[in-house]
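The exercises below are meant to be worked with the sequence and the coordinates side by side. Please try each task before reading its solution.

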Amino acid sequence: MAHPIPAETAQTLHRLLDANQPIALSCKGTTNHCPMALIALAEMGADGPRLQAFFDHWQAKFAIMAAPLDAPVARHEWLQQLGNFDQFHALQACFLNWLQDEGVDAVLQAVITQAPFAPATGAFHGLIRLAYGLQVAHLGEIAAGLANLVVGYLPVPEAAGPTASDPAQALAHLSGQMGGRKYSEASITGQMRTVAGEPEFAAALRPVPYTASLLPQLAQLAMAAYWQTRDFTVLHMVTACHAARILLARLPESMHPRLLPALWSGVAAAYVTVGAPALQPPDQLAAQIDSNLAQNWDEVFARARARNNDHVIKLVYSCQQENLAYANPMYHAIAQRMVAGRE
């Protein structure tokens with residue numbers, strides 16, 4: 001984690017996450033980012049009063065209460081809810097009961113194995129919410145993330161055709177075939193669903209070799225694309241790669257080859273929604289930052305903790321965590337630019 005969460009702060013965090021459970025998945029003009037932002041704030045050193053203040057702000061501005069729950073989905077019927085958005089809270093209750101009975105690892109592996117893995121669901125928010133719940137061991141949030149992945153199911157075709165040498169080459173091919181396209185849907189999810197259904201996308205999407213370096217490659221490409229574009233959709237590619245790393249760490253390595261191609265397809269679809277811009281070479285990007293500049297994450301965290309923008313909070317947290325994994329100074333540069341208010 002970014003900072004060890006003191007016991008008193010952890011108590012406040014879990015109390016607020018519990019209080020968030022009745023909130024609808026779709027809120028006023030957004031999805032329910034509140035629990036993810038609370039977790040990121042706590043990981044970046046926010047104290048209990050700051051968590052409470054953010055919770056109060058978010059609930060007043062965005063929250064919508066879900067309809068009262070009649071009964072959870074029966075455990076043997078959970079897979080029948082694939083794509084059934086109205087069953088989010090009933091399925092969340094089902095998964096919570098299951099988690100309490102059998103434990104996180106057993107339920108996590110069962111659901112991820114049996115349901116088609118669709119990390120692009122909800123513009124990657126199902127994946128992110130699940131990963132953040134795992135990070136702080138909150139069963140309600142783990143259940144919510146799993147339920148989101150099931151009821152919001154957004155499949156993206158798996159790549160076919162000739163295999164690219166690496167994801168960078170595959171994105172360059174997509175840029176050549178689909179660069180400059182614009183999509184009119186209001187939401188990221190709607191745009192990604194349109195791209196996923198386009199025959200041109202399926203034809204242009206190339207498989208990439210599965211190796212242990214595939215997720216790091218995707219993460220670095222997402223980070224570089226965000227630095228270049230500052231695009232809101234690409235921001236979600238960065239936080240999704242961080243979330244995928246958390247999730248995969250909790251799953252047997254034997255499952256990874258099945259899951260990562262779905263992440264690649266989702267990242268590729270998101271890239272096409274923003275026009276599939278040609279990405280600058282790494283040396284050109286590196287020249288745009290001062291790699292000798294001291295990385296003061298405490299200062300960046302302090303500025304992020306003062307913000308009420310949940311995307312600023314989550315991106316700064318993800319950048320620091322990804323920097324720990326990959327040691328790329330561009331993560332710090334992105335985080336600094338984010339808290340400076342130019343995003």
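**Exercise 1.** Leaving aside its neighbours within four places in sequence, which residues is phenylalanine 95 in contact with?

*Solution.* Bear in mind from the start that this is a predicted model. Once the neighbours within four places in sequence are set aside, the contacts of phenylalanine 95 are Trp78, Val111, Ala143, Leu146, Ala147 and Val150. The next step is to place the residue in its wider setting: the largest nonpolar core holds 130 residues, and Phe95, together with Leu174, Phe201 and Val316, touches the most other members. In soluble globular proteins, nonpolar side chains tend to be buried together.

**Exercise 2.** Describe the overall build of the protein, taking its secondary structure, its dimensions and its contacts in turn.

*Solution.* Begin with the elements, which are 17 helices and two strands. Then consider the dimensions: the C-alpha trace spans about 50 × 45 × 40 Å along its principal axes, and the radius of gyration of 19 Å agrees with the value near 20 Å that a compact globule of 343 residues would have. Turn next to burial, where 55% of the 343 residues are buried. Finally, among the contacts with a separation of 6 or more, 79% are between residues 24 or more positions apart.

**Exercise 3.** How many of the residues of helix α2 are buried, and what covers them?

*Solution.* Helix α2 runs over residues 34–43, and 10 of its 10 residues are buried. The buried set includes Pro35, Met36 and Leu38, and also Glu43. As for the cover, it includes α1 (7–20), α3 (48–61), α6, α7 (139–151), α15 (297–305) and α16 (310–326). Following the chain onward, one meets glycine 45 just after α2, with a positive phi of about 100 degrees.

**Exercise 4.** Which loops hold phenylalanine 124 and alanine 276, and are these residues buried or exposed?

*Solution.* Phenylalanine 124 lies in the loop between α5 (104–114) and α6 (125–136), and its phi is near 75 degrees, a positive value in a residue other than glycine. Since buried means under 20% relative accessible area, phenylalanine 124 counts as buried because its relative accessibility is 1%. Alanine 276 lies in the loop between α13 (256–273) and α14 (282–286), and its phi is also positive, near 45 degrees. By the cut-off already used, alanine 276 is buried too, because its relative accessibility is 1%.

Conventions:
Residues numbered from 1 in each chain as written. Predicted model: local features only at pLDDT ≥ 70, side-chain atom pairs only at ≥ 80, totals over all residues. Heavy atoms only, no water. Helix = DSSP H or I, 4+ residues; strand = E, 2+ residues; numbered from the N terminus. Rg over C-alpha atoms; globule rule 2.2 N^0.38 Å. Buried < 20%, exposed > 50% of the residue type's maximum accessible area, 1.4 Å probe, protein only. Contact = heavy atoms within 4.5 Å. Core = buried A, V, L, I, M, F, W, Y, C linked by side-chain atoms within 4.5 Å.
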